[in-house]
Amino acid sequence: MKETNLGQAGPTVSALGLGCMGMSYAYGPVNDAESTQLLRRAVDLGVTFFDTADLYGFGHNERLVGAGLAPVRDRVVVATKFGITRGPDSDWNKPSPADGRPEYVRACIDASLDRLGFDHVDLYYQHRADPNVPIEETVGAMADLVRAGKVRHLGLSEAAPETIRRAHAVHPITAVQTEWSLFARDIEEGVVDTCRELGIGIVPYSPLGRGMLTGTVNNLDDLAENDYRRLLHWWRPENLATNQRLVDVVRAAATNHGATPGQVALAWVLTKRRDLPAGVVPIPGTKRERYLVENLRALSVELTDAELAELDALRPAGARTVNEGETNRHTAAPR
């Protein structure tokens, strides 16, 4: 397994991490026994970076990840998040309030540590910025957690460039987690440059376009009734034809390399680390061992300059707009 540093003074982690959300939340049925087996298999294969959040399954995912990784705690880096407040019966179509109050920060870390069964979290993200609380106050409270030994490193999720700068001025930010894939390119207009300048790593979530870039999810009929992806614009009828042509380009590159479309999509994201010395560590999520193995094999796919140029030029229909991640509308999305 290839390894990389995350942030200028952050941890050393596997070049690909594992996003654990789908094991508890938003992507159809869950199976704790299978997920626990997958977590341990991932470690056997060299994965050392695991991502969860208090939101995922409303505590279920942290308990699952903590118990599953307990036997190998000293070998892994675990990230979790706080800040999105919603309940199990919340409407996906409505914004989820964010809470960045210092007292909320302190309460959340204690609850997360209890669910995980850990004495510290390796990387602690604010899941979304609270528009009603200055980022300096929230990150100041997070920095107190570092001094208390409850947290090792700090991160932000879906933050705009100015938010990142202000946060970093209070305490070094190790990583920014954000959606980045051939279907989500908005961070290339500001966030990437800011992270490069400040020496902050980037952790792309949903690097496989939430399934569309793998070629396995072609339309809404392929998704379970309780799969939140049914709300995404990518699968709307007016966008589907354009996006399927994009996937066809990815498939052609995959054929050239004897690879899968998903491996090409991951390989494209991985090339972005060439220009970001503080690290780019994608965290594709899965509940299946065969997809875990497939994703890890993307590390050996070397795209040509011509292929990269063709992929860089793709623009899907219904994709995110610049910094949409920090708007109230996007806080409804579970990631």
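Select strand β8 (residues 173-179) and its neighbour β9: the two run parallel and are joined by five bridges. This is a predicted model. Within this pair, pick E179, which stands opposite Y205 in β9.

Widen the selection to the whole sheet. It is open and has seven strands, in the order β3-β4-β5-β6-β7-β8-β9, with parallel pairing. Colour the edge strands next: β3 (18-19) and β9 (201-205) each pair on one side only. Strands of a sheet pair through backbone hydrogen bonds, either parallel or antiparallel.

Now show side chains for the nonpolar interior. The largest nonpolar core has 80 residues, and L18, F50, L69, I164 and L311 are those with the most contacts inside it. Helix α8 (residues 261-271) gives this core its largest share, seven residues. A second, separate core has twelve residues, among them V13, V77, A79 and A175.

Centre on I164. Leaving out residues up to four places away in sequence, I164 touches L156, A159, V176, V191, T194, C195, L198 and I200.

Last, turn to the enclosed space. Two cavities of 30 Å³ or more are present in the structure. Which residues line the second largest cavity? Select L16, G17, L18, V47, P284, T286, L292, N295 and L296 to see its lining. The space inside the second largest cavity is about 40 Å³. Helix α9 (residues 289-296) supplies the largest share of the lining, three residues. Coloured by class, the lining shows six nonpolar residues, three polar and no charged ones. L18 belongs to this lining and is also one of the residues with the most contacts inside the largest nonpolar core.

Methods:
Residues numbered from 1 in each chain as written. Predicted model: local features only at pLDDT ≥ 70, side-chain atom pairs only at ≥ 80, totals over all residues. Heavy atoms only, no water. 1 Å grid on protein atoms, 1.4 Å probe; cavity = no way out; pocket = protein on both sides within 12 Å on 5 of 7 lines; lining within 4 Å. Points joined across faces, edges and corners; volume = space filled by probe spheres on them. Helix = DSSP H or I, 4+ residues; strand = E, 2+ residues; numbered from the N terminus. Nonpolar A, V, L, I, M, F, W, Y, C, P; charged D, E, K, R; others polar. Core = buried A, V, L, I, M, F, W, Y, C linked by side-chain atoms within 4.5 Å. Buried < 20%, exposed > 50% of the residue type's maximum accessible area, 1.4 Å probe, protein only. Contact = heavy atoms within 4.5 Å. Pairing = 2+ DSSP bridges.
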